[in-house]
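The exercises below ask the reader to place residues in their elements, classify their exposure and trace their contacts. Each task is followed by a solution that proceeds step by step.

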Amino acid sequence: MTGPEHQEPAYVIHRRPWRETSLMVDVFTLNRGRLTVIARGANSAKSPLKAQLQPFQPLMLDWAGRGDLKTLTHVDTRIGPSLHRTASLYSGLYLNELLQRILPAADPHPTLFAAYIDAIAELAETTDIEPVLRRFERAFAAELGFDFSWDLATDTGQSVEAGQQYCYDPEQGIVAQPGPGARVQKLPGEVLQALAAGDLDAEPCRRVAKRVMRALTDYLLQGRPLHSRNLFSHLRRERHES
């Protein structure tokens, strides 16, 4: 990846101060994947870039540079959804943190980029965030080579059966026998069948999907924390106290 880039669709997934007046910005782009750009002067009071380089804002970026750190040369903003509700905002930050911490740099994932756009649009419209998060997590897992079928036990090659219990192994998917890599156990076969049919409304399906996807993201993080999970914990405490 060398030379300048013009009008590349992108979203900001993380930013932090760099030197005295600039920002170091992690972006998720359509054709270049995740990369880091330097927005020179963007952290100064007079620069419009600080307001433009916001999470969830559709952007068209120009940059230049041949090393790992590119220099941002132009930003165009596009109209996009707004995440006004607290739960939706925290959910969006969770998606961004997954991309920033796990997605390999400079590795294009146009299908995942489209899934991200869909997820942000849905989070802006719905108060029921769990199905949105689970669908994005599945798309994310598939792009990284960890896709699996809810209703297939990979260790036996047999379809999942109602009345039986199964396990989840991030390296294998759903398995009938609890091997050393199994991180989630006692998954009811009838719930896995319902998930395979796309049911993310029933409470047992939501619980199982959340347990499994949490195990997968923990596996991919390899011990690194997700700060956005603390936001969800704080939100749950506030709701419980109110």
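**Exercise 1.** In the loop between which strand and which helix is leucine 83 found? Determine also whether leucine 83 is buried or exposed, and list what leucine 83 touches, not counting residues up to four places away in sequence.

*Solution.* This is a predicted model, and the steps that follow should be read with that in mind. Step one is to place the residue: leucine 83 is found in the loop that runs between strand E5 (69–77) and helix H2 (86–102). Step two is to classify its exposure: the relative accessible area of leucine 83 is 11%, and because buried means under 20%, leucine 83 is buried. Step three is to collect its contacts, and here, with residues up to four places away in sequence not counted, leucine 83 touches Phe56, Ser88, Leu89, Gly92, Ile120, Leu123 and Ala124. As a last step, the C-alpha atoms of leucine 83 and glutamine 54 are 12 Å apart in space, with their positions 29 residues apart in sequence.

**Exercise 2.** One of the residues that leucine 83 touches is Phe56; where is phenylalanine 56 placed, and what is its phi?

*Solution.* Phenylalanine 56 has its place in the loop between helix H1 (49–52) and E4. Its phi is positive, at about 70 degrees, although phenylalanine 56 is not a glycine. With 8% relative accessibility, phenylalanine 56 counts as buried.

**Exercise 3.** Which residues is glutamate 5 in contact with, leaving aside its neighbours within four places in sequence, and which side chain does its own side chain join in a polar contact of 3.0 Å?

*Solution.* Begin with the element: glutamate 5 lies in strand E1, which comprises residues 5–18. Turn next to exposure, where glutamate 5, at 13% relative accessibility, counts as buried. Once neighbours within four places in sequence are left aside, the contacts of glutamate 5 are Arg32, Leu61, Asp62 and Trp63. Of these, arginine 32 is the partner whose side chain is joined to that of glutamate 5 by the 3.0 Å polar contact.

The contact with Asp62 can then be followed from the other side. Aspartate 62 lies in strand E4 (residues 59–64), and it is buried, with a relative accessible area of 11%. Leaving aside neighbours within four places in sequence, aspartate 62 is in contact with Glu5, His6 and Gln7, and also with Thr71, Leu72, Thr73 and His74.

Gln7 from that list deserves a separate step. Glutamine 7 is found in strand E1 and has a positive phi of about 50 degrees, although it is not a glycine. At 32% relative accessibility, glutamine 7 counts as partly exposed.

**Exercise 4.** Which residues does alanine 42 touch, not counting residues up to four places away in sequence, and what is its relative accessible area?

*Solution.* Alanine 42 is found in the loop between strand E3 (33–39) and H1. Its relative accessible area is 0%, and alanine 42 is therefore buried. With residues up to four places away in sequence not counted, alanine 42 touches Thr21, Ser22 and Leu23, together with Ser47, Leu49 and Lys50. Alanine 42 and glutamine 52, ten residues apart in sequence, are 9.4 Å apart in space from C-alpha to C-alpha.

**Exercise 5.** With which side chain does the side chain of serine 228 make a polar contact, and in which helix does serine 228 have its place?

*Solution.* Serine 228 belongs to helix H7, residues 227–241, and at 3% relative accessibility it counts as buried. Residues up to four places away in sequence being excluded, serine 228 touches Tyr90, Leu93, Tyr94 and Glu97. It is the side chain of glutamate 97 with which the side chain of serine 228 makes a polar contact, at 2.8 Å.

**Exercise 6.** Into which domains is the chain divided, and how far apart do the C-alpha centres of domain 1 and domain 2 lie?

*Solution.* The chain, which has seven helices and ten strands, is divided into domain 1 (5–77) and domain 2 (150–241). The C-alpha centres of the two domains lie 36 Å apart. For a pair of individual residues, aspartate 62 and methionine 213 are 35 Å apart from C-alpha to C-alpha and 151 residues apart in sequence. For the chain as a whole, the C-alpha trace spans about 65 × 45 × 30 Å along its principal axes, and 45% of the 242 residues count as buried.

How values were computed:
Residues are numbered from 1 along each chain as its sequence is written. This is a predicted model: local features need pLDDT of at least 70, side-chain atom pairs count only at pLDDT 80 or more; totals for chains, interfaces and linings use all residues. Side-chain values use heavy atoms; hydrogens and water are left out. Helices (H or I, at least four residues) and strands (E, at least two) are DSSP runs, numbered from the N terminus. Buried means under 20% relative accessible area, exposed over 50%, partly exposed in between (1.4 Å probe, protein chains only). Domain bounds come from an automatic or database domain assignment. A polar contact is a pair of N or O atoms within 3.5 Å; within protein, one must be able to donate a hydrogen and the other to accept it, and residues adjacent in sequence count only if both atoms are side-chain atoms. Contact means heavy atoms within 4.5 Å.
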